[in-house]
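Biologist: I would like a close look at a single part of this predicted model, its largest nonpolar core. Please set that core in the context of the whole chain, and then follow the places around the fold that deserve separate inspection.

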Amino acid sequence: CKRPALARWFDAGKYRVVKGIISPVSDGYKKKGLIEAKHRLAMVRKATESSDWVTVSSWESQQEEWVETAKVLRYHNDNLEILSNNEKKITTQRRKGKKRKLNEKDDSTLEAKEVPGLMLLCGADVVESFGIPNLWKKEDIEEIVGKFGIVCISRLGTNIEKFVYESDIMWKFKENIHLVTEWIANDISATKVRRALGRGQSVKYVIPDSVIEYIQKHNLYDPCSEDKNSNITLAPMQRYAK
């Protein structure tokens, strides 16, 4: 989650960030080099423990089979609606009590809290992966972009504007695609961090010390860890190629 770039974009005044949710994928995704979900979940929690707005969800990671991104967004959106409705009821009850004390006649002026909008925050590589055959369902892409929207962080070597232009689905919902340019390029990636760890190189100042300590304690990354699932087809490709 590249917070500085995200903060600059939202500081423009169009949106106000109230919460960030990180949802680690389940082991069922079968990505090459993917370590156990329990460890990924623990590391993300350690990395975000000082944050006052980023939370970590364990729901997706605890599912036995891989869950499509669209379903994960639906799950969190439903939870936001339930939470918002509960808060609205409590607020309404309090205001009604105050209005009775003031002998006011009309409750129609009560302000209704809107359900916070949920968007997918991702890197440009994820958006470009929409074009990979059998990796995404067309209807899922339409739902993700059309219903929820995307905040896309730029990445070196990508051209999201060109990709959006050349994709009929993305072009149709282009107003829901928000591009955030990293003017100060950050080429750090999970792949490079794992590679460094596998080679015994230092990643201090790249990831939090608490995460480094956890990795060392559980011996999570070694020269062979990147070969995990190397002979297994990625879950979505297994599912959609049928």
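Modeller: Helices here are DSSP runs of H or I with at least four residues, strands are runs of E with at least two, and both are numbered from the N terminus. On that basis the protein chain of this predicted model has 10 helices and 5 strands. Of its 242 residues, 38% count as buried, and among the contacts with a sequence separation of 6 or more, 74% are made by residues 24 or more positions apart.

The core that you ask about, the largest nonpolar one, has 31 residues, and V127, F130, V145, I150 and M170 are those with the most contacts inside it. Two or more of its residues come from each of α3, β3 (120–123), α4 (124–128), α5 (138–148), β4 (150–153), α6 (160–166), α7 (168–172) and α10 (235–240). Among these elements α5 gives the most, with 4 residues. V145 serves well as a point of entry: once its neighbours within four places in sequence are left aside, V145 is in contact with F130, I150, M170, F173, N176 and I177. Three of these partners, F130, I150 and M170, stand alongside V145 itself in the list of residues with the most contacts inside the core. Separate from this assembly there is a second core, of 14 residues, which includes I35, A196, I215 and Y221.

The strands can be followed outward from β4. In a regular strand, side chains alternate between the two faces of the sheet. In β4, I150 and C152 point one way while V151 and I153 point the other way, and all four are buried. On one pairing, β4 joins β3 in the parallel sense over 4 bridges, with I153 as the bridge partner of G123. On another, β4 joins β5 (residues 177–180), again in the parallel sense and over 4 bridges, and here I153 has V180 as its bridge partner. I153 therefore appears in both pairings, as partner of G123 and of V180, by the bridges that DSSP finds.

Helix α3, one of the contributors to the core, also leads to a pocket. The second largest pocket has a volume of about 150 Å³, and its lining consists of K19, I21, T55, V56, S57, W59, Y75, H76, N79, L80 and L83. Of the lining residues, 6 are nonpolar, 4 polar and 1 charged. Both β2 and α3 supply at least two of them, but the largest share, 5 residues, comes from α3. H76, one of the lining residues, has its place in α3. H76 counts as buried because its relative accessibility is 10%, where the limit for buried is under 20%. Apart from its neighbours within four places, H76 is in contact with I21, S23, S57 and L118, and of these I21 and S57 also line the pocket.

Just ahead of that helix lies E68, in the loop between β2 (54–56) and α3 (69–101). E68 is charged by residue type, yet at a relative accessibility of 5% it counts as buried. Beyond its neighbours within four places in sequence, E68 is in contact with K137, D140, R239 and Y240.

Two asparagines call for a check of the backbone. N134, in the loop between α4 and α5, has a positive phi of about 65 degrees although it is not a glycine, and at 37% relative accessibility N134 counts as partly exposed. N219, in the loop between α9 and α10, likewise is not a glycine and has a positive phi, of about 50 degrees; its relative accessibility is 63%, so N219 counts as exposed. The residue that comes before N219 in the numbering is H218, which belongs to helix α9 (residues 209–218). H218 is partly exposed, with a relative accessible area of 31%. Although H218 and H39 are 179 residues apart in sequence, their C-alpha atoms are 8.6 Å apart in space.

Technical notes
Residues numbered from 1 in each chain as written. Predicted model: local features only at pLDDT ≥ 70, side-chain atom pairs only at ≥ 80, totals over all residues. Heavy atoms only, no water. Buried < 20%, exposed > 50% of the residue type's maximum accessible area, 1.4 Å probe, protein only. Contact = heavy atoms within 4.5 Å. Core = buried A, V, L, I, M, F, W, Y, C linked by side-chain atoms within 4.5 Å. 1 Å grid on protein atoms, 1.4 Å probe; cavity = no way out; pocket = protein on both sides within 12 Å on 5 of 7 lines; lining within 4 Å. Points joined across faces, edges and corners; volume = space filled by probe spheres on them. Pairing = 2+ DSSP bridges.
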